[in-house]
Amino acid sequence: MKTNLSLSTADVVTLFIILALMIGGVRIVIGFFHTGKHKNLTNSYNGKGLLQMTLLVDGMQCGECEMHVNNAIRKNFPVEKVRSSATKGETVILTKQDIPDQALTEVIGEGGYTVKEIFRENAKRKFA
């Protein structure tokens, strides 16, 4: 049986988009269109009181990823609290002392995650 299958340019583009979504995942596409979600983050730590560090972390996909990042931070640094969100792509740390960027990047990188940016500010309150 011989078939003549012809695809229009629109068909090829549609198939390419579907393939890209399957390979790259919907999360990457959503992240591409959701730029600037961390606009309000600042580096405003004055060196006094509890420090809140907000890390923009790439690669977290689920609750288990959040747990891996949190455990790595707790194991390697003296922190009061740590909380990660795969949905937001961030990890928030409350600590009494500053932690060097390089050290955080290395520890989190060992788990296969990438720290894109780190912001510091005075902690307003403790989170649960």
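Which residues of β3 lie on one side and which on the other, and are they buried or exposed? Glu90, Val92 and Leu94 are on one side, Thr91, Ile93 and Thr95 are on the other, and all of these are buried. The legends below refer to a predicted model.

**View 1. Overview of the protein chain, with its 4 helices and 4 strands.** From the N terminus on, the order of elements is α-α-β-α-β-β-α-β. The protein chain has 128 residues, of which 30% count as buried. Its accessible surface is about 9,000 Å², and carbon and sulfur atoms contribute 56% of that. Contacts between residues at least 6 apart in sequence join residues at least 24 apart in 68% of cases.

**View 2. The open sheet of 4 strands, in the order β2-β3-β1-β4.** The pairing is antiparallel. β2 (81-85) and β4 (114-122) are the edge strands, each pairing on one side only. On average, neighbouring strands of the sheet are turned by 15 degrees against each other, direction ignored. Helix α3 (residues 63-76) packs on the sheet and touches β2 and β3; the direction of α3 makes about 155 degrees with that of β2. Helix α4 (residues 101-110) lies across β1, β3 and β4 and runs at about 135 degrees to β4.

**View 3. Strand β3 and its cover on both faces.** In a regular strand, side chains alternate between the two faces of the sheet. In β3, Glu90, Val92 and Leu94 are found on one side, with Thr91, Ile93 and Thr95 on the other. Because 6 of the 6 residues of β3 are buried, the strand is largely enclosed by the rest of the structure. The cut-off applied here for a buried residue is under 20% relative accessible area.

**View 4. Pairing of β3 with β2 and the hairpin between them.** β2 and β3 pair in the antiparallel sense over 5 bridges. Arg83 has Val92 in β3 as its bridge partner. The hairpin of β2 and β3 has 4 residues between the strands, and Gly89 in this hairpin takes a positive phi near 70 degrees.

**View 5. Pairing of β1 with β3, and the surroundings of Gln52.** Strand β1 (residues 51-58) and strand β3 (residues 90-95) are paired in the antiparallel sense over 6 bridges. Gln52 lies in strand β1 and stands opposite Leu94 in β3. The bridge partner of Met53 in β3 is Ile93. With a relative accessible area of 17%, Gln52 is buried. Leaving aside residues up to four places away in sequence, Gln52 touches Val92, Ile93, Leu94, Phe119, Arg120, Glu121 and Ala123.

**View 6. The salt bridge between Glu80 and Lys96.** A search of the whole structure finds 3 salt bridges. In the one shown here, the side chains of Glu80 and Lys96 meet at 3.8 Å, N to O. Glu80 is in the loop between α3 and β2, and Lys96 is in the loop between β3 and α4, so that the pair links distant parts of the chain, 16 residues apart. Glu80 counts as partly exposed at 35% relative accessibility, whereas Lys96 is exposed, with a relative accessible area of 62%.

**View 7. The salt-bridge network of Asp98, Asp101 and Arg120.** Arg120 forms a salt bridge with Asp98, with 2.7 Å between the closest N and O atoms. Since Arg120 lies in strand β4 and Asp98 in the loop between β3 and α4, this pair ties together parts that are 22 residues apart in sequence. The side chains of Arg120 and Asp101 also meet in a salt bridge (2.4 Å, N to O). Asp101 lies in helix α4, so its pairing with Arg120 in strand β4 ties together parts that are 19 residues apart in sequence. Salt bridges that share partners thus join Asp98, Asp101 and Arg120 into one network. Arg120 counts as buried at 14% relative accessibility. Asp98 is partly exposed, with a relative accessible area of 44%, and Asp101 counts as partly exposed at 36% relative accessibility.

**View 8. A nonpolar patch on the surface.** The patch is formed by Leu5, Leu7, Val12, Leu15, Ile18 and Met22, which together have about 640 Å² of accessible area. Val12 lies in helix α1 (residues 9-24) and counts as partly exposed, at 44% relative accessibility.

How values were computed: Residues are numbered from 1 along each chain as its sequence is written. This is a predicted model: local features need pLDDT of at least 70, side-chain atom pairs count only at pLDDT 80 or more; totals for chains, interfaces and linings use all residues. Side-chain values use heavy atoms; hydrogens and water are left out. Patches are made of residues with over 30% relative accessible area and no salt bridge: like charges are joined within 9 Å, nonpolar side chains (Val, Leu, Ile, Met, Phe, Trp, Tyr) within 5 Å. Accessible areas come from the Shrake-Rupley method with a 1.4 Å probe; for residues, only the protein chains shown count as cover. A salt bridge is a side-chain nitrogen of Lys or Arg within 4 Å of a carboxyl oxygen of Asp or Glu. Helices (H or I, at least four residues) and strands (E, at least two) are DSSP runs, numbered from the N terminus. Buried means under 20% relative accessible area, exposed over 50%, partly exposed in between (1.4 Å probe, protein chains only). Two strands pair if DSSP finds at least two bridges between them. Axes are lines fitted to C-alpha atoms, for helices over the stretch in contact, and angles run from 0 to 180 degrees between N-to-C directions. Contact means heavy atoms within 4.5 Å.
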